[in-house]
Amino acid sequence: MKPPPFQYHRPQTREELGALLANLDNVKILAGGQSLMPMLNLRVVAPDHLIDINRIPELAGIRETTDGIEIGAMTRQADILASPIIRDRLPLLARALEHVGHIQTRSRGTIGGSCCHLDPSAEQPAICAALDAEFVAIGPKGRRVIAAADWFQGMLQSALDDLEFLEAVRFKPWAKGHGYGFAEYARRHGDFAISGAAALLEADGGGSITRAALLVFGVEEAPRRLSEAEAALVGQNIGEIALAPILDAARALHPMEDVQVTADYRRHLAGTLLGRAVREACVSREQRQ
Amino acid sequence: MSERHLSFTLNGERREANADPRMHLADFLRHGLGLTGTHVGCEHGVCGACTVIVDGAPVRSCLMLAVQVDGCTVETVEGLAKGGELSPLQQAFANHHGLQCGFCTPGMLMTLEAFLRVTPSPTEQDVRIAISGNTCRCTGYQGIVEAALTTTAAKGSRP
């Protein structure tokens, strides 16, 4: 037995989960467990209470709503990847999920777990930031909707407070036929990426870009939108995009540094991967017309 | 910390057992039930040796708690052979030199078993991606990939 001792709780409803959070100290919530279980096995974390939320059916599922798509926090990555709705309306999310772990981890791992854990290299929260997703949290005072711009509070730190849990993530899909691109660099397929990038593009009938999103992840402590470079893309023709403002934006980043990867290398990767993501977005926009 | 009771289906048989909540599924299978076919390598979700099938999906049993399979259907490598006969996938591993030391083999088999059920006609690339979460340190992957593709072909030719 490797994990340290803890009290195990398995609520069946959101109300039971809320009550447990309100009454217990030093708690960890167990979602898909694909990050928390290694941390328990390695004893990096030692909660007094482990709350397993895998048996709360209301927290899982993909729903089309009047103004978008809502994905329950406990929806498995494998189910999101297999969903025709997601492939059709949030293709960037499906594209990125192919890079998340392996079939044995996607069968357990959840979008909510990844968005609450917030590893800087994680693809799912990055895609949420690219799509301006909204995070629906439940706490003692009821529901609270948190914009993607406010969700990321730093390394491994979401905007949830100790008494709240994530119920769902809401997306507003981009226009039908929009372009999307994704690129990441990892040492092996399925490993945590060293860095990655995503791009979304909408253009009018003449090919003039009307809306753009650019994002890098695994570069700084949280996913980073490049708003100036996005603005510079609007009005350009999709067939002849100037990459210089994008590369300038990449050079201005403040990357993390560790024993394996220098800040300079991450900065270099950010520019290279952004270029690949933008080119892929242009191609996919053409193919989806 | 008190043990919890769990009841589940293991390789087609109903099982009742108790487990400490902090025991992961791989240790429970090996030490709790004596089923040592499931191997334990890295215990942090990297090597894939401990892969088992839970409710039809391949999972890393070091990244699940034993108490989480309460009410579930679990399949381990011990359930593949029937009546002393190797399963088609196991036989293909033997025929194609898909194993040498055998340490990664249970994880490879259970990953591919689950994968081939939902992907009956994979390409070589599909198979390589399917086993990308399983590490082999001796034979190499070529024989394993050939075994998977042969099994597919054999299944496809059945009446």
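A residue counts as buried here when its relative accessible area is under 20%, as exposed when that area is over 50%, and as partly exposed in between. By that rule, buried residues make up 57% of the 289 residues in chain A. The structure is a predicted model, and every value below is computed from it.

## Overall build of chain A

Chain A holds 12 helices and 14 strands. Its C-alpha trace spans about 60 × 45 × 35 Å along the principal axes. A compact globule with 289 residues would have a radius of gyration near 19 Å, and chain A agrees with this because its own value is 19 Å.

Two pairs of positions give a sense of distances within the chain. A:Ile138 is found in strand β6 of chain A and, at 16% relative accessibility, counts as buried; its C-alpha atom is separated by 39 Å from that of A:Cys282, which is 144 residues away along the chain. A:Ala168 lies in strand β10 of chain A and is buried too, with a relative accessibility of 0%. Between the C-alpha atoms of A:Ala168 and A:Ser158, which are 10 residues apart along the chain, the separation is 14 Å.

## Salt bridges

Side chains of opposite charge can pair when their charged atoms come close. A search of the whole structure finds 25 salt bridges over all chains, and three of those in chain A are listed here with the N to O distance and the relative accessibility of each partner.

| Salt bridge | N to O distance | Accessibility of the Arg | Accessibility of the Glu |
|---|---|---|---|
| A:Arg63 with A:Glu70 | 3.1 Å | A:Arg63, 33% | A:Glu70, 14% |
| A:Arg144 with A:Glu164 | 2.7 Å | A:Arg144, 34% | A:Glu164, 8% |
| A:Arg285 with A:Glu286 | 3.3 Å | A:Arg285, 7% | A:Glu286, 46% |

In the pair formed by A:Arg285 and A:Glu286, the arginine A:Arg285 is buried, whereas A:Glu286 is partly exposed. Beyond the pairs in the table, A:Arg14, A:Glu58, A:Arg143 and A:Glu167 are joined into one network by salt bridges that share partners.

For the bridge between A:Glu70 and A:Arg63, A:Glu70 is the buried partner, since its relative accessible area of 14% is under 20%, while A:Arg63 counts as partly exposed.

Which parts of the chain does the salt bridge between A:Arg144 and A:Glu164 bring together? The side chains of these two residues meet at 2.7 Å, N to O. A:Arg144 lies in strand β7, residues 142–147, and A:Glu164 in the loop between β9 and β10 of chain A, so the pair ties together parts that are 20 residues apart in sequence. Within this pair, A:Arg144 counts as partly exposed and A:Glu164 is buried.

## A patch of negative charge

On the surface, A:Asp25, A:Asp48, A:Asp161 and A:Asp162 gather in a patch of negative charge. One of these residues, A:Asp161, lies in the loop between β9 (157–158) and β10 (165–171) of chain A. Membership of a patch asks for over 30% relative accessible area and no salt bridge; A:Asp161, with a relative accessible area of 41%, is partly exposed and therefore passes the first of these requirements.

## Backbone angles with positive phi

Most residues other than glycine have a negative phi. Where in chain A does A:Asp132 sit? This residue is found in the loop between α8 (123–130) and β6 (134–139) of chain A, and its phi is near 50°, a positive value in a residue other than glycine. A:Asp132 counts as partly exposed, because its relative accessibility of 45% falls in the range between buried and exposed.

Chain B has a case of its own in B:His97, which is not a glycine and yet has a positive phi of about 55°. B:His97 is found in the loop between α2 (88–95) and α3 (105–118) of chain B, and at 49% relative accessibility it counts as partly exposed.

## A buried leucine in chain B

B:Leu112 lies in helix α3 of chain B and, at 0% relative accessibility, counts as buried. B:Leu112 and B:Ala130 are 18 residues apart in sequence, while their C-alpha atoms are 7.2 Å apart in space.

Methods:
Residues are numbered from 1 along each chain as its sequence is written. Chains are lettered from A and ligands numbered from 1 in the order in which they are written. This is a predicted model: local features need pLDDT of at least 70, side-chain atom pairs count only at pLDDT 80 or more; totals for chains, interfaces and linings use all residues. Side-chain values use heavy atoms; hydrogens and water are left out. Patches are made of residues with over 30% relative accessible area and no salt bridge: like charges are joined within 9 Å, nonpolar side chains (Val, Leu, Ile, Met, Phe, Trp, Tyr) within 5 Å. Accessible areas come from the Shrake-Rupley method with a 1.4 Å probe; for residues, only the protein chains shown count as cover. A salt bridge is a side-chain nitrogen of Lys or Arg within 4 Å of a carboxyl oxygen of Asp or Glu. Lys and Arg count as positive and Asp and Glu as negative; His and the chain ends are not counted. The place of a charge is taken as NZ of Lys, CZ of Arg, CG of Asp or CD of Glu. Helices (H or I, at least four residues) and strands (E, at least two) are DSSP runs, numbered from the N terminus. Buried means under 20% relative accessible area, exposed over 50%, partly exposed in between (1.4 Å probe, protein chains only). The radius of gyration is taken over C-alpha atoms; the globule rule is 2.2 Å times the number of residues to the power 0.38.
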